[in-house]
Amino acid sequence: MSFFTSMVWVIFGALSPIALATPTRQAASECNATALMAAADAYVAVQTAGKMESMQTLLSPSFTYMENNKETPVAKGVLSKALKIDHRRTNTDLVLCATYNEIIVSDAANPYVIGTQIRHNNFAKGDMSVTMIDSIASTTNSWLFDAKKTLGHVLEEKWDVIPVEKRDKREVIQAAGDAYMDMWNNATASNYVPWGTPCTRLEGSAYTGKGKPDDSCKPGIPSNHSQAGNTHRRYVIDEAMGSVSIFCVWEHMMMAADSHEFRLEGGS
């Protein structure tokens with residue numbers, strides 16, 4: 001079994017207020033995976049072309065684009081750049097009506113590693129328009145950045161769908177991610193992280209795995225628990241993948257924009 005941080009991207013910048021509605025499970029019944037994936041495909045097409053045309057009909061009138069925790073005009077963000085995408089993975093959340101999208105571009109002239117949460121209207125029947133694209137984008141000079149090395153490690157990961165009878169509840173998956181994120185300002189938080197063995201951790205392009213059965217994610221975890229916390233958390237949880245994507249403000253690193261993703265298999 002394994003529990004791992006798939007990605008950590010840290011970008012330094014200012015913070016804009018991020019207001020997210022919290023739908024109930026009943027409201028989420030209007031959400032469907034087909035529409036979520038169609039919007040995610042359109043997003044990838046936008047990022048490939050550097051033009052918003054393929055998403056225009058999907059956007060809510062109240063659509064907001066966030067980049068590195070800051071509300072940003074699309075024309076001034078990474079979405080306006082045509083990128084040669086080498087890797088894309090999308091996870092879906094039918095409760096929050098959202099997707100998490102992992103994008104890696106290893107092009108030496110324009111490298112990027114991007115995590116994007118796409119949020120949809122989930123309150124009006126028949127309306128699943130996109131209300132927010134929330135991206136954390138790292139590139140040259142970002143912390144531990146090396147898109148080619150990151151791509152190599154990511155392509156070794158196994159993201160098999162977890163059988164229904166073996167899936168953890170979304171509350172369990174989120175609690176595991178939150179416990180990890182709490183370690184910087186809570187001395188007992190690590191006791192609540194369901195550490196698995198083997199476990200691998202990828203931070204930027206730095207990888208802890210050695211391909212051994214006793215690989216652990218514990219080396220290097222915080223020993224100073226009096227630091228500022230990781231706040232303004234936003235979640236996308238996919239039970240079928242055992243995954244939670246958490247975007248936040250990495251306060252102890254100069255209010256950086258941060259993306260973590262965790263996968264649980266069999267509770268650890």
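Which residues of α1 are buried? They are L36, A39, A40, A42, Y43, V44, V46 and Q47, and they are a handy way into this predicted model. The protein has 3 helices and 12 strands, and 54% of its 268 residues are buried. Below you will find the overall picture, then the helix, the sheet beside it, the nonpolar cores and a few single residues worth a look.

**Overall picture**

- The accessible surface of the protein comes to about 12,000 Å², and carbon and sulfur atoms hold 54% of that area.
- Among contacts with a separation of 6 or more, 66% link residues that are 24 or more positions apart.

**Helix α1 and its two ends**

- Helix α1 covers residues 33–49 and has 17 residues.
- From its first C-alpha to its last, α1 reaches 24 Å, close to the 24 Å expected at 1.5 Å a residue.
- At the N-terminal end, N32 acts as the cap of α1: one of its side-chain oxygens lies 3.2 Å from the backbone nitrogen of T34.
- After α1 comes G50, and the phi of G50 is positive, near 75°.
- What do the buried residues of α1 pack against? Their partners are the strands β4, β5, β6 and β7.

**The six-stranded sheet**

- An open sheet is formed by 6 strands in the order β3-β2-β7-β6-β5-β4, with mixed pairing.
- Its edge strands are β3 (70–71) and β4, each of which pairs on one side only.
- Strand β2 (residues 59–67) runs parallel to β7, and 5 bridges join the two; here E67 has S135 of β7 as its bridge partner.
- On the pairing of β6 (residues 112–120) with β7, the strands run antiparallel and 8 bridges join them; R119 stands opposite M132 in β7.
- Strands β5 and β6 also run antiparallel, joined by 8 bridges, and I104 stands opposite V113 in β6.
- Why can β7 be called largely enclosed by the rest of the structure? Strand β7 spans residues 130–138, and 8 of its 9 residues are buried, so the rest of the structure largely encloses it.
- As a general point for reading any of these strands, side chains in a regular strand alternate between the two faces of the sheet.

**Nonpolar cores**

- The largest nonpolar core has 21 residues, and those with the most contacts inside it are Y43, M55, I114, V130 and I133.
- Two or more residues of this core come from each of α1, β2, β5 (98–105), β6 and β7.
- The biggest contribution is that of α1, which gives 5 residues to this core.
- Another core lies apart from it, with 19 residues that include C217, Y235, I237 and W250.

**S245 in strand β11**

- Residue S245 is found in strand β11 (residues 243–250).
- Is S245 buried or exposed? Its relative accessibility is 0%, so S245 counts as buried.
- The side chains of S245 and Q117 are joined by a polar contact of 3.0 Å.
- Leaving aside neighbours within four places in sequence, the contacts of S245 are Y100, Q117, R234, Y235, V236, H260 and E261.

**E203 and C199**

- The short stretch of residues 202–203 is strand β8, and E203 has its place there.
- With a relative accessible area of 18%, E203 is below the 20% cut-off and so counts as buried.
- A polar contact of 2.6 Å links the side chain of E203 to the side chain of R201.
- Where does C199 lie? C199 sits in the loop between α3 (170–181) and β8.
- The relative accessibility of C199 is 1%, so this loop residue counts as buried too.
- C199 and D215 are 16 residues apart in sequence, while their C-alpha atoms are 5.4 Å apart in space.

Technical notes: Residues numbered from 1 in each chain as written. Predicted model: local features only at pLDDT ≥ 70, side-chain atom pairs only at ≥ 80, totals over all residues. Heavy atoms only, no water. Buried < 20%, exposed > 50% of the residue type's maximum accessible area, 1.4 Å probe, protein only. Helix = DSSP H or I, 4+ residues; strand = E, 2+ residues; numbered from the N terminus. Pairing = 2+ DSSP bridges. Core = buried A, V, L, I, M, F, W, Y, C linked by side-chain atoms within 4.5 Å. Expected span 1.5 Å × (residues − 1). Contact = heavy atoms within 4.5 Å. Polar contact = N/O pair within 3.5 Å; in protein donor to acceptor, adjacent residues only side chain to side chain. Areas by Shrake-Rupley, 256 points an atom, 1.4 Å probe, with all protein chains shown as cover.
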